[in-house]
Structure formats: C-alpha cells, structure tokens
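Visitor: I'd like a close look at one part of this protein, the sheet with mixed pairing, along with whatever sits around it. Could you walk me through that slowly, and then place it against the rest of the model?

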Amino acid sequence: MSAEIRWGIVGPGRIAESVLPDFAHVPHARPVAVASRSQERADAFAARHGLERAHGSYDAILADPDVDVLYVATPHPQHHALALAALRAGKALLVEKAFTATTAGAAEVVDLARATGVFTMEAMWTRFQPAVVALRELVADGAIGEVRSVQADLGVSREYDPADRLFALELGGGALLDLGVYVVSFAQMLLGTPQRVVATGSLFPTGVDAEAGILLGYDDGRAATLLTSLRNALPGQARVFGTAGWIDVLPRFHHPDTIVLHRAGAEPETITRPQTGAGYAHELIEVTECLRAGRRESTVMPLADTLAVQDVLGRAAEQLGVRHAEAVVL
C-alpha cells in the first residue's frame with residue numbers, strides 16, 4: 001500500500017457530505033474519487049469536495065486503479081453487494097453502519113474479507129471517540145469493578161413519510177438499522193456477545209420498525225437494556241454499571257465528549273475528551289493507519305464484533321416482524 005492512502009466515496013449522500021471535511025484531520029489520507037449511479041450527483045459532489053474523479057457507476061470506481069479504499073455510504077441493503085464486489089476487486093473497505101441489512105449478508109461479506117485478506121471495517125465511529133476510548137480504559141483498569149449491565153437509548157421524532165428512506169423497507173428503513181445499531185454495538189463492546197435477545201416494539205405501515213426495546217441476556221446474569229425509536233426523541237444517554245461504581249456517558253452517547261465516573265465512596269469525576277473535527281476523523285485515521293501497517297482488521301472494531309451486532313439486530317428484527325433483505329445494486 002502506498003504511503004498515501006487514496007480514498008473513494010461510494011454513495012454521495014448526507015452522511016458522506018458530513019464525513020468528507022474530516023479528511024483534513026487525517027494524515028496520509030486523501031479522498032480522490034466518488035461514485036454514484038447518477039453522473040450528475042457524482043460530478044456535483046466531486047466539485048463541492050475537490051475530488052479529482054467522479055464516476056457515474058459503482059463498477060467504474062471498483063475499476064479505478066488509483067483508489068486504495070472505499071467508504072461505502074449507500075443505503076444499508078446496498079452494502080452487501082457493493083462490499084462483495086469491492087473485495088473481489090481488491091479494494092479495502094470502510095462500510096457504514098449498519099454493516100448490512102441482514103445477518104446472512106454480513107456473514108458473507110466477513111467470510112470473503114477473511115478469505116481475500118482485504119481490510120474491512122464497519123464505520124462505527126462511536127468506538128473511536130476519545131471519550132469512549134477513555135471509558136474503555138477506565139473499565140479495563142477496573143475503575144468500576146466488573147461491568148454487570150449497560151443501559152443506552154437513542155431515538156428521534158420523525159414524522160411518518162412513506163417516501164422517506166427511513167420508512168422504506170427496501171431501503172433498510174426503521175429504527176433498528178439506523179439508530180438501534182448504536183445501542184447494540186455499545187452494549188456488545190462492553191459486555192460481549194449475548195446468549196439471549198428479547199425485543200418488543202411497533203411497526204410503521206410500511207413494515208419497518210418504529211421503535212424497539214431490546215433486552216440482551218448473558219448466561220452469567222449480566223444484561224443490557226436498550227431503547228431505540230423513530231417515533232419519539234430519546235435523550236441519547238448511556239450508563240455502564242459495575243460492581244464498584246458506574247460511568248455515565250452524557251448525551252449523545254454515540255459521539256460524546258464527556259463521561260462522568262462514579263466510584264463507590266468517591267465524588268463524581270467528570271472527564272472531557274473533545275472529538276477532532278466532526279468526530280469522523282478518528283475512524284478514518286484508524287483505517288488509514290491499519291492500511292499503512294498492512295493489517296487486515298481493526299482491533300477496535302473487529303469483524304467478529306460487527307457480526308455479533310448484526311446478529312442481535314437480525315434477531316430483534318425477526319421478533320418485531322421486520323423482514324429486511326439485501327439489494328442487488330451493481
């Protein structure tokens with residue numbers, strides 16, 4: 001891999017617009033190309049962000065020899081086919097969360113990534129936020145004893161609109177894949193993979209989930225209680241409970257800058273670790289450094305964790321009666 005890592009953007013939508021400016025904070029990385037199924041959209045995105053090349057098809061960026069890694073920011077059901085094609089083309093991947101629309105789709109991508117040895121990571125920016133890194137260090141140091149449970153919520157109030165992607169089943173709409181992925185990934189990061197998943201909630205008329213309460217159960221008695229919603233706003237807070245104290249992650253926990261450590265018998269300790277840029281720089285730095293070092297996976301966001309999270313989301317969706325499917329996009 002060259003000393004400079006050259007990035008291509010697949011899907012010039014809202015999230016890609018937010019991520020691109022953070023490349024200014026990433027050493028040895030340069031976005032060079034964008035791909036859309038609309039040449040017009042690709043051209044406009046490239047002009048806005050100073051990219052050298054704008055491709056009017058996904059195939060074209062897969063064939064671009066001057067792109068080392070692709071950031072995939074299309075709707076969830078399109079990730080699966082794009083990732084498989086990219087891996088076959090030897091392109092490293094940063095795939096937006098949720099990683100895929102289905103558990104089987106995620107397993108297929110992970111299997112091919114491991115078989116080809118091509119670097120692949122889910123874009124779970126939360127794990128790379130400096131405040132979350134500080135939280136993990138405190139937990140590892142035993143600051144709150146053994147972690148026994150996690151609470152987290154993330155929800156927004158969105159007016160039901162069947163024409164909006166968030167409410168379209170074929171585009172991977174619903175609370176689980178957009179917002180639930182954060183609460184599940186946060187719990188999995190701290191507790192590991194659960195033995196039991198119990199979900200309750202409601203659906204919109206299009207068949208996507210409007211809200212969900214999820215209980216993760218572990219054989220040793222540990223648990224996570226998680227809430228997600230498109231029906232009503234939730235504070236976006238998280239709490240990690242241990243045998244010797246707890247840590248509050250102040251809203252919004254998925255990109256926080258402040259945590260509060262409560263140790264038994266001590267005054268609360270506030271720890272602030274601001275993010276760089278809009279907060280996306282940290283995951284971009286991770287991918288760039290992994291590629292420069294020749295690593296195949298991130299140790300912070302390993303593929304095994306992505307699979308575990310996707311499995312929980314899939315089990316919750318099944319219990320709610322939501323039937324997601326992967327799309328054929330190429």
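Guide: What follows is a tour that starts at the mixed sheet, moves to its surroundings and ends at the other sheet.

Keep in mind that this is a predicted model. The part you asked about is an open sheet of eight strands, with mixed pairing, and its order reads E8-E9-E10-E7-E11-E12-E13-E14. At the edges you'll find strand E8 (196–203) and strand E14 (269–272); each has a single partner strand, so one side of each has no neighbour in the sheet. Neighbouring strands here are turned against each other by 10 degrees on average, ignoring direction. As a general reminder, the strands of a sheet pair through backbone hydrogen bonds, in parallel or antiparallel fashion.

Let's zoom in on E12. Strand E11 (residues 238–242) is joined to E12 by five bridges, and the two run antiparallel. The connection between E11 and E12 is a hairpin, made through two residues. Across this pair, Gly 242 has Gly 245 in E12 as its bridge partner. On to E13: E12 and E13 are also antiparallel, again with five bridges. Two of the partnerships can be named: Val 249 goes with Ile 259 of E13, and Asp 248 goes with Val 260 of E13. As for cover, four of the five residues of E12 are buried, making the strand mostly covered.

Now follow the chain out of E12. The loop between strand E12 (245–249) and strand E13 (258–263) is home to His 254, and Arg 252 has its place in the loop between E12 and E13 too. Arg 252 comes with a backbone oddity to check: the peptide bond joining Pro 251 and Arg 252 is cis, with omega about -10 degrees. And is His 254 buried or exposed? His 254 counts as buried because its relative accessibility is 10%, and the cut-off for buried is under 20%. Leaving aside residues up to four places away in sequence, His 254 touches Trp 125, Thr 126, Gln 129, Leu 154 and Tyr 182.

One of those contacts, Tyr 182, takes us to helix H7 (residues 175–191). H7 has 17 residues and spans 22 Å from its first C-alpha to its last, close to the 24 Å expected at 1.5 Å a residue. There's a kink in H7, though, of about 45 degrees and centred on Val 181. H7 is mostly covered, with 17 of its 17 residues buried. Just after H7 comes Gly 192, which has a positive phi of about 85 degrees.

H7 also brings us to the largest nonpolar core. That core has 117 residues, and the members touching the most others are Trp 7, Tyr 71, Leu 135, Phe 186 and Ile 214. The largest share of this core comes from H7, which supplies 13 residues. Take Ile 214 from that list: its contacts include Leu 176, Val 184, Val 197, Val 198 and Ala 199, as well as Ala 224, Thr 225, Leu 226 and Ala 316, with residues up to four places away in sequence not counted. Over at that end of the mixed sheet, helix H9 (residues 303–320) lies across E8 and strand E9 (209–217), and runs at about 50 degrees to E8.

For the wider setting, turn to the other sheet. Six strands form this open sheet, in the order E3-E2-E1-E4-E5-E6, with parallel pairing. Its edge strands are strand E3 (53–55) and strand E6 (120–123), each pairing on one side only. Neighbouring strands are turned by 25 degrees against each other on average, direction ignored. Helix H8 (residues 281–293) packs on this sheet, touching strand E1 (5–10), E2, strand E4 (69–72), strand E5 (92–96) and E6, and its direction makes about 130 degrees with that of E1. Strand E2 (residues 29–35) is joined to E3 by three bridges and runs parallel to it; Val 34 has Ala 54 of E3 as its bridge partner.

Two loops around these strands deserve a glance. His 28, in the loop between helix H1 (14–19) and E2, has a positive phi near 65 degrees although it isn't glycine. His 28 is partly exposed, with a relative accessible area of 45%. Ala 98 sits in the loop between E5 and helix H5 (103–116), and the peptide bond from Lys 97 to Ala 98 is cis, with omega near -10 degrees.

Methods
Residues are numbered from 1 along each chain as its sequence is written. This is a predicted model: local features need pLDDT of at least 70, side-chain atom pairs count only at pLDDT 80 or more; totals for chains, interfaces and linings use all residues. Side-chain values use heavy atoms; hydrogens and water are left out. A nonpolar core is a set of buried Ala, Val, Leu, Ile, Met, Phe, Trp, Tyr and Cys residues joined through side-chain atoms within 4.5 Å. Buried means under 20% relative accessible area, exposed over 50%, partly exposed in between (1.4 Å probe, protein chains only). Contact means heavy atoms within 4.5 Å. Two strands pair if DSSP finds at least two bridges between them. Axes are lines fitted to C-alpha atoms, for helices over the stretch in contact, and angles run from 0 to 180 degrees between N-to-C directions. The expected span of a helix is 1.5 Å times one less than its number of residues. The bend at a residue is the angle between axes fitted to the seven residues ending there and the seven starting there.
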